[in-house]
Amino acid sequence: MKIEKIELQYLTASDSEDIKEAMIESYTSMPGSYWKREHLERLINKFPDGQVVLKVNDEVAGCALAIIVDSEVTERTHTYKEITGNYTFNTHQSDGDLLYGIDVFIKPEWRGMRLGRRLYDYRKELCEKLNLKGIAFGGRIPNFHRYAEDLSPKEYIEKVRIREIHDPVLNFQLSNDFHPVKILKGYLEGDAASEEYAVLLEWDNIYYEKPQVKPVAIKKVVRLGLIQWQMRPYKSLEDVLQQAEFFVDAVSGYRSDFALFPEFFDAPLMADNNHMGEAEAIRELAAYTERIRDRFSELSISYNINIITGSMPYLQDGVLFNVGFLCHRDGRVESYEKVHVTPDEAKVWGLMGGKKIQTFNTDCGKIGVLICYDVEFPELGRILSHQGMDILFVPFLTDTQNGYSRVRNCAQARAIENECYVAIAGSVGNLPKVHNMDIQYAQSAVFTPCDFAFPSNGVKAEATPNTEMILVVDVDIDLIRELHSLGSVRNLKDRRTDLYSVSLLTQEKGDKDVVVGTHFANASTSQP
């Protein structure tokens, strides 16, 4: 079934029938095990933030239920009935210090797509938001009955840990950074598959701070994953996409919120058409664009990460543009365009500049994307900052250190003048069998404003030059908010709008956010 939309919502009582049907499908080894409407209503009334439902195409695909307890409770052996107060959930303590998982499941038809990780990521984020010590729950071991005659629960868990035995529940918990604490005998009544054993699993919140009298503001931190892509020969599109998935997997493994690919990263595929002229070869490359976009959208869902796809050529009505896509982890896909093309791009490839300039609303705030040469035009960054941009992403492709320096220095200027973060990612390596794309130079980096809350040189982090690697960087959006009002200088507030302004021309009256024009536009560049 094609995924068109994924939403994580707070559970409501009206979801009860859908939850019942989903649980019957999910717990086939435990017939009749599902929550009734009154159970869900109690949980919602006691702790609404702890009850979430995952919906795919507006249908229930999974659910996670939780309460808060005192961490001392888990130090003692307990049963499921005891921890839930005989299913009344009167054991919930709003002033407790531990999030206790009551239930979590994904319907069979949606398993294998890493959707369950979204529920666990939400719990982890909730735990951090509420400043709780961690998460605990009694994890079933549904394959234990197959080995119960030969192995003790302790031996079984160890063999699962070292991958000698596969247990679908326990393997999943261990892969999500939970660690076993103790064995709970007689935990869940009627769980024959687990021989009524469970494993107390815990996840520790490393950001936990013992509560103080003075409240501490919780910061909004966004994690960026930059891919410094190696240009090398690839035999097929599938080889390119396999390498792309490798990097998506790597940065999502660090719980990154965004993955940023370089401009024109798919250029190696032009090698098969190197006998053609440059303009014809790049038009052949454009035939892959929609397939690459669709695959990246699947990866963004599967790995729960927003992907900025760099850029790639796109033919529209016989005109060649270069486009990029923002693949949201909720299933949405939006496009961005390169507005300015270099003289070389126009002469050699016949690329045209686009007309769409806009910010994008994401689950981590507003972002903007400017492709390579576009970052060298300060008007574009200022327009995006007017629209509330917090992070500017710049996928680029440069062949010389001169070209790279133009991109880097202009990106740093955009960070300072617009009081935002700027992330740049480029490609390295050589393509001797691709005309006009033979060499690359890059050093990916994340830049900040220059003030006391940021690095004095405005460089948050940078990659090793000309080396294939990833760069994972945390940026604090609240620091940007504070800078707007409390910075040593205030570049946005102190503008003399009585003397000058940067305006955005539109083709539709009243449109203040987007330049309406060519549907797609962007340009890969070897000379930014």
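# Strands, helices and burial: questions and answers

Trainee: What phi does Gly388 take just after H11?
Mentor: Helices (H or I, at least four residues) and strands (E, at least two) are DSSP runs, numbered from the N terminus. Gly388 comes just after helix H11. Its phi is positive, at about 95°.

Trainee: What pLDDT do local features need in this model?
Mentor: Residues are numbered from 1 along each chain as its sequence is written, and side-chain values use heavy atoms, with hydrogens and water left out. The model is predicted: totals for chains, interfaces and linings use all residues, side-chain atom pairs count only at pLDDT 80 or more, and local features need a pLDDT of at least 70.

Trainee: Which elements are among those covering the buried residues of H11?
Mentor: Buried means under 20% relative accessible area, exposed over 50%, partly exposed in between (1.4 Å probe, protein chains only). In H11 (residues 378-386), the buried residues are Leu380, Gly381, Arg382, Ile383, Leu384 and Ser385. Their cover includes strand S15 (365-369), strand S16 (391-395) and helix H12 (401-418).

Trainee: Is Ser26 buried or exposed?
Mentor: Ser26 sits in helix H1 (residues 16-26). Beyond neighbours within four places in sequence, Ser26 is in contact (heavy atoms within 4.5 Å) with Phe105, Ile106, Lys107, Pro108 and Arg111. Its relative accessible area is 10%, so Ser26 is buried.

Trainee: And Asp150: buried or exposed?
Mentor: Asp150 lies in the loop between strand S5 (134-140) and helix H5 (153-161). Its C-alpha is 34 Å from that of Gly62, and 88 residues separate the two in sequence. With 65% relative accessibility, Asp150 is exposed.

Trainee: Which strands stand at the edges of the open sheet of seven strands?
Mentor: The order is S1-S2-S3-S4-S5-S7-S6, with mixed pairing (at least two DSSP bridges between two strands). Two strands have a single partner each, so one side of each is left without a neighbour in the sheet. They are S1 (6-10) and S6 (179-184).

Trainee: Which residue is the bridge partner of Ile6 in S2?
Mentor: S1 pairs with S2 (residues 52-56) over five bridges, in the antiparallel sense. In S2, the partner of Ile6 is Val56.

Trainee: How many bridges join S3 to S4?
Mentor: S3 (residues 59-69) is mostly covered, with ten of its eleven residues buried. On S2, Val53 stands opposite Cys63 in S3. Ile67 faces Tyr100 in S4 (residues 98-106). S3 and S4 run antiparallel, and the bridges joining them number eight.

Trainee: Which residue stands opposite Trp229 in S18?
Mentor: S8 (residues 221-231) and S18 (residues 427-430) pair in the parallel sense over three bridges. Opposite Trp229 is Ser427.

Trainee: At what angle do H7 and H9 pack?
Mentor: Axes are lines fitted to C-alpha atoms, for helices over the stretch in contact, and angles run from 0 to 180 degrees between N-to-C directions. The axes of H7 (residues 237-253) and H9 (residues 289-302) are 11 Å apart, and their angle is about 30°.

Trainee: How many charged residues are in the contact of H7 with H9?
Mentor: H7 gives Leu237, Leu241, Ala244, Glu245 and Val248, and H9 gives Arg291, Ile292, Arg295, Phe296 and Leu299. Ala, Val, Leu, Ile, Met, Phe, Trp, Tyr, Cys and Pro count as nonpolar, Asp, Glu, Lys and Arg as charged, and the others, Gly among them, as polar. Seven are nonpolar, none is polar, and the charged ones number three.
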